[in-house]
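Here's a quick briefing to read with the model open beside you. Have a look at the fold before moving on to the notes.

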Amino acid sequence: MAQITLQNLAHSYKPNASSDADFALKALDHVWQNGGAYALLGSSGCGKSTLLNIISGLLRPSHGRVLFGDRDVTEAATAERNIAQVFQFPVVYDTMTVGENLAFPLRNRGMDPAYIAGRVQEIARMIGMEEILKQKARGLTADAKQKISLGRGMVREDVNAILFDEPLTVIDPHMKFELRTQLKALHRAFGHTMIYVTHDQTEALTFADKVVVMYDGRVVQMGTPEELFERPAHSFVGYFIGSPGMNFFDAKIEGQRAFVQGVEVPLGAAYGPVSGRAQIGIRPEFCVLAREGGLPFQIQRIEDVGRHRIIRGTCGDVSVNVTLPEGMAIDAEATRLLFAPEKINVYADDWRIAPQGEQ
Ligand code: ADP
Ligand code: MG
C-alpha cells in the first residue's frame, strides 16, 4: 500500500488544448493518504472518472506526475500499479462461474489454491453470494453481476488502492445501503486506501472520512462531512452539500457587519477588506423567521420532508430556504428573516474567506 500523490496534474482530451475550458481536469495537486477512505463527489461531467482513470493508469495525463509512495508511476501500465478498480457497470466473465470470477485476480497472480478458496468464500459471504458460487455468471441480473464486480475489486489484499467509480448505480436501493456498509467494514478490516466516486452526497458522506468535492475540473474542497457543512470553501460546496443547499446573498462587508439589501446583518467574526463579488452564505438550518429585525421575507410555499419542514420563500429577488425544526409551528406574522451570526460564511468571487483570527 502507498500514499498517492498527484503533482501538478492536468488533463485535456483535446490534442491542442490551450484555454482552461479545454481541460477536463485543471491543474491539481493532491495527496491521498495511505489507508484513507475518500469519496470523490461532484456532479456529472466534472472530471471524476478522468481523475480516477489517471490514478489507475487507464489514462495518461497531459501534464503532471502520479506518485505511489516515492515511485513515479505516470508512465506505468495499469497492471504494474496494483490497483483494483470497480466501474459503474458490471464487468464479469459470463462463461465463468461466480466463484471463478471472484477468484480471477488471485489466479492471475498465481496465488495458492487453498488461499484462493478461502478468500473467495470470505468475499462471497460479504456480497451474499455463497449459495451461487458454482453458477455461471451468464443470466444473472445486472444487480448480481455488479456485486460480483465489487467482490472481485475487493478480493486482493495486496493492492495499493481500490477505486470505485459510481459502483452502486445499478444496485437496487435497499441493497445500496447494505453494500456501502460492507465497504466501510472492509475498509476498517483491511485498511486499504479507497476512493469512492459518486454524485450522491448521502453516499459520499456516509462512506468517507474525507470527502473531496470537485467542480468543473477542479478539486474545490477536501474535508470531513462536518467541515463541508460548516465551512464550505466554495459556493458550489455550499449549494451541493445539504438539502436544500446554502442560501447566498450579495453583501457589503464592513468589519463584523454585512449589509444585505440595505439591512445590517451582524457577523460572528470580523473580516478585512473584501475584493471581488462579496456574498454571505447561510444554511437553511441556521435561518429563523421572526416578527421583527432582519430582512423582509415572503413565504412562497412549505414542504414537508419527513421530520422537519422547509419554508421556501424570497427576500427581494433572492430565493431563500429556511428549515423549520420538528414540532415548530409557523407564525403567519413572522415575515422577517434572521441569521445565526456565527453560522454565516463570507465569500469573495465564490471562494470562502477566513475571518480575522481564524487558523
Ligand atoms: P464525471 O466522471 O465526473 O462525470 P468525466 O471525467 O467522465 O466526468 O468527464 C469530464 C469531462 O471530460 C466531460 O466534459 C466529458 O464530456 C469529457 N470526457 C470524458 N471522457 C472523454 C473522452 N474519452 N473524450 C473526450 N472527452 C471526454
Ligand atoms: Mg464518471
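What follows is a short tour, from the overall build down to single residues.

This is a predicted model, with 9 helices and 22 strands in the protein. The domain assignment splits the protein into domain 1 (4–240) and domain 2 (247–353). Of the 359 residues, 49% are buried.

**Overall build**

- Measuring along the principal axes, the C-alpha atoms fill a box of roughly 75 × 50 × 35 Å.
- If you count contacts with a separation of 6 or more, 65% of them join residues 24 or more positions apart.
- The accessible surface comes to about 17,000 Å², and carbon and sulfur atoms hold 50% of that.
- On the charge side, there are 37 positive and 42 negative side chains, and the centres of the two sets sit 4 Å apart.

**The two domains**

- The C-alpha centres of domain 1 and domain 2 are 38 Å apart.
- Where the domains meet, domain 1 puts in 12 residues and domain 2 puts in 10 residues.

**Nonpolar cores**

- As a rule, nonpolar side chains in soluble globular proteins tend to be buried together.
- Here the largest nonpolar core has 47 residues, and Leu102, Phe164 and Val211 are the ones touching the most other members.
- Helix α4 (residues 113–126) supplies the largest share of this core, with 5 residues.
- Apart from that core there's another one, of 26 residues, and its members include Leu28, Ile55, Ala76 and Ile83.
- What does Val211 touch, once residues up to four places away in sequence are set aside? The list runs to Ala39, Leu41, Ala204, Leu205, Gln221, Met222, Gly223, Pro225 and Leu228.

**Phe164, one of the core residues**

- Phe164 belongs to strand β7 (residues 161–165).
- Phe164 has a relative accessible area of 0%, so it is buried.
- Beyond its neighbours within four places in sequence, Phe164 contacts Leu52, Val86, Leu150, Met154, Leu183, Met194, Ile195, Tyr196 and Val197.
- For a sense of scale, Phe164 and Phe259 are 95 residues apart in sequence, and their C-alpha atoms are 45 Å apart in space.

**Two helices to look at**

- Is helix α1 (residues 48–56) mostly enclosed or open? With 8 of its 9 residues buried, α1 is largely enclosed by the rest of the structure.
- The buried set in α1 is Lys48, Thr50, Leu51, Leu52, Asn53, Ile54, Ile55 and Ser56.
- Right after α1 comes Gly57, with a positive phi near 95°.
- Helix α3 (residues 98–108) has Val98, Gly99, Asn101, Leu102, Ala103, Pro105 and Leu106 buried.
- Among the elements covering those buried α3 residues are α4 and α5 (142–154).
- α3 is also followed by a glycine with a positive phi: that's Gly110, near 65°.

**Gln279 and Arg309, two strand residues**

- Gln279 sits in strand β14 (residues 278–282).
- Is Gln279 buried or exposed? Its relative accessibility is 6%, so Gln279 counts as buried.
- Leaving out neighbours within four places in sequence, Gln279 is in contact with Phe248, Phe249, Asp250, Ala251, Asn345, Val346, Tyr347 and Asp350.
- Arg309 is part of strand β18 (residues 308–315).
- Arg309 has a relative accessible area of 26%, so it is partly exposed.
- The residues touching Arg309, again not counting those up to four places away in sequence, are Ile302, Glu303, Asp304, Val322, Thr323, Leu324, Met328, Ala329 and Ile330.
- Arg309 and Pro325 are 16 residues apart along the chain, and 6.8 Å separates their C-alpha atoms.

**Gly327, out in a loop**

- Where is Gly327 found? Look in the loop between β19 (318–324) and β20 (336–339).
- Gly327 counts as exposed, because its relative accessibility is 81%.
- Gly327 and Ala77 are 250 residues apart in sequence, with 58 Å between their C-alpha atoms.

How values were computed
Residues are numbered from 1 along each chain as its sequence is written. Chains are lettered from A and ligands numbered from 1 in the order in which they are written. This is a predicted model: local features need pLDDT of at least 70, side-chain atom pairs count only at pLDDT 80 or more; totals for chains, interfaces and linings use all residues. Side-chain values use heavy atoms; hydrogens and water are left out. Helices (H or I, at least four residues) and strands (E, at least two) are DSSP runs, numbered from the N terminus. Buried means under 20% relative accessible area, exposed over 50%, partly exposed in between (1.4 Å probe, protein chains only). Contact means heavy atoms within 4.5 Å. Accessible areas come from the Shrake-Rupley method with a 1.4 Å probe; for residues, only the protein chains shown count as cover. Lys and Arg count as positive and Asp and Glu as negative; His and the chain ends are not counted. The place of a charge is taken as NZ of Lys, CZ of Arg, CG of Asp or CD of Glu. A nonpolar core is a set of buried Ala, Val, Leu, Ile, Met, Phe, Trp, Tyr and Cys residues joined through side-chain atoms within 4.5 Å. Domain bounds come from an automatic or database domain assignment.
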